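Q: Let us go through this structure feature by feature, with the general idea placed before each particular case.

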Amino acid sequence: MTAQYPVWTGEGWINVPIPVMDGEALVVPNVAAIVYNEERSQILLQRRDKPGETVRGRLETPGGRWGAGEAAAQAIAREVLEETGVTVIAMISDGARFDYFPEMAIEATRPAAVINGLHGAYPALLVVYECIGAGSPRPQPGESAQPAWWDIEAVKDHLAADPEDFVWQAATVLRTVLA
């Protein structure tokens with residue numbers, strides 16, 4: 001079963017069929033990574049490269065859909081590697097795993113969360129983790145273009161000078177974490 005919900009495209013609102021359960025829209029969590037180099041002087045950014053998207057060509061942090069059954073660190077490491085070729089070597093976000101029952105593992109961490117789609121629109125949840133990455137970024141056509149290490153101060157300056165060059169969720173994430 002689906003219901004129509006308004007979704008912002010960056011250029012306007014469109015109605016999109018969204019799966020519902022018991023009358024409520026299902027929200028799929030997405031993960032995003034603020035990936036620092038080992039010296040923590042640079043972060044990894046890429047340009048969105050999915051054909052047909054209104055945000056194609058804008059800067060963003062690596063991330064994507066959080067797969068069922070994945071721990072946060074697994075989802076982050078997979079998305080960063082898939083999109084940029086960079087390997088996550090450490091998570092910065094503190095957390096713990098709790099095994100209360102043999103069949104029930106629970107993880108508690110302290111990420112940042114970005115929620116867009118307020119005021120009746122379909123909500124999107126972006127859970128943001130900080131991590132350390134290593135390697136030379138490489139583009140993944142259809143996913144990412146121009147992945148590169150950016151000096152943190154250059155990112156802050158670019159956000160202030162040209163916020164429209166960023167995917168809006170990435171701009172929010174970066175402003176929140178780099179403040």
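Q: How should the contact between Glu-153 and Lys-156 be read?
A: Side chains of opposite charge can pair when their charged atoms come close. Here the side chains of Glu-153 and Lys-156 meet in a salt bridge at 3.5 Å, N to O, the term being used for a side-chain nitrogen of Lys or Arg within 4 Å of a carboxyl oxygen of Asp or Glu. Both residues belong to helix α2 (residues 152–161), where, being three residues apart, they are separated by about one helical turn; helices are DSSP runs of H or I with at least four residues, strands are runs of E with at least two, and both are numbered from the N terminus. Lys-156 is partly exposed, with a relative accessible area of 31%, on a scale where buried means under 20%, exposed over 50% and partly exposed in between (1.4 Å probe, protein chains only).

Q: On what footing do these values stand?
A: This is a predicted model, in which local features need pLDDT of at least 70 and side-chain atom pairs count only at pLDDT 80 or more, while totals for chains, interfaces and linings use all residues. Residues are numbered from 1 along each chain as its sequence is written, and side-chain values use heavy atoms, with hydrogens and water left out.

Q: How many salt bridges does a search of the whole structure find, and which residues do shared partners join into one network?
A: The search finds eight salt bridges, and those that share partners link Glu-70, Arg-78, Glu-79 and Glu-82 into one network. Within that network, Glu-82 and Arg-78 meet at 3.6 Å, N to O, and both lie in helix α1 (residues 72–84), four residues apart, about one turn of the helix. Glu-82 is partly exposed at 40%, and Arg-78 is likewise partly exposed, at 26%. Another salt bridge joins Asp-49 and Arg-56 at 3.0 Å, N to O; Asp-49 counts as buried at 15% relative accessibility, whereas Arg-56 is partly exposed at 43%.

Q: How is an aromatic pair described, and which residues form one?
A: A pair of aromatic rings is described by the distance of the centres and the angle of the planes. Rings of Phe, Tyr and Trp (its six-membered ring) pair if their centres lie within 6.5 Å, and planes under 30 degrees apart count as stacked, over 60 as edge-to-face and the rest as tilted. The whole structure yields one aromatic pair: Trp-66 and Tyr-129 are edge-to-face, 6.2 Å centre to centre with 80° between the planes. Trp-66 lies in the loop between β7 (63–65) and α1 and Tyr-129 in strand β12 (residues 124–134), so the pair ties together parts that are 63 residues apart in sequence. Tyr-129 is buried at 3%, while Trp-66 is partly exposed at 21%.

Q: How many residues does the largest nonpolar core have, and which have the most contacts inside it?
A: In soluble globular proteins, nonpolar side chains tend to be buried together. A nonpolar core is a set of buried Ala, Val, Leu, Ile, Met, Phe, Trp, Tyr and Cys residues joined through side-chain atoms within 4.5 Å. The largest has 17 residues, with Ile-43 and Leu-174 having the most contacts inside it, and β4 (29–36), β5 (42–48), β12, α2 and α3 (168–177) each give two or more residues to this core. A second, separate core of 13 residues includes Ala-75, Val-80, Val-127 and Cys-131.
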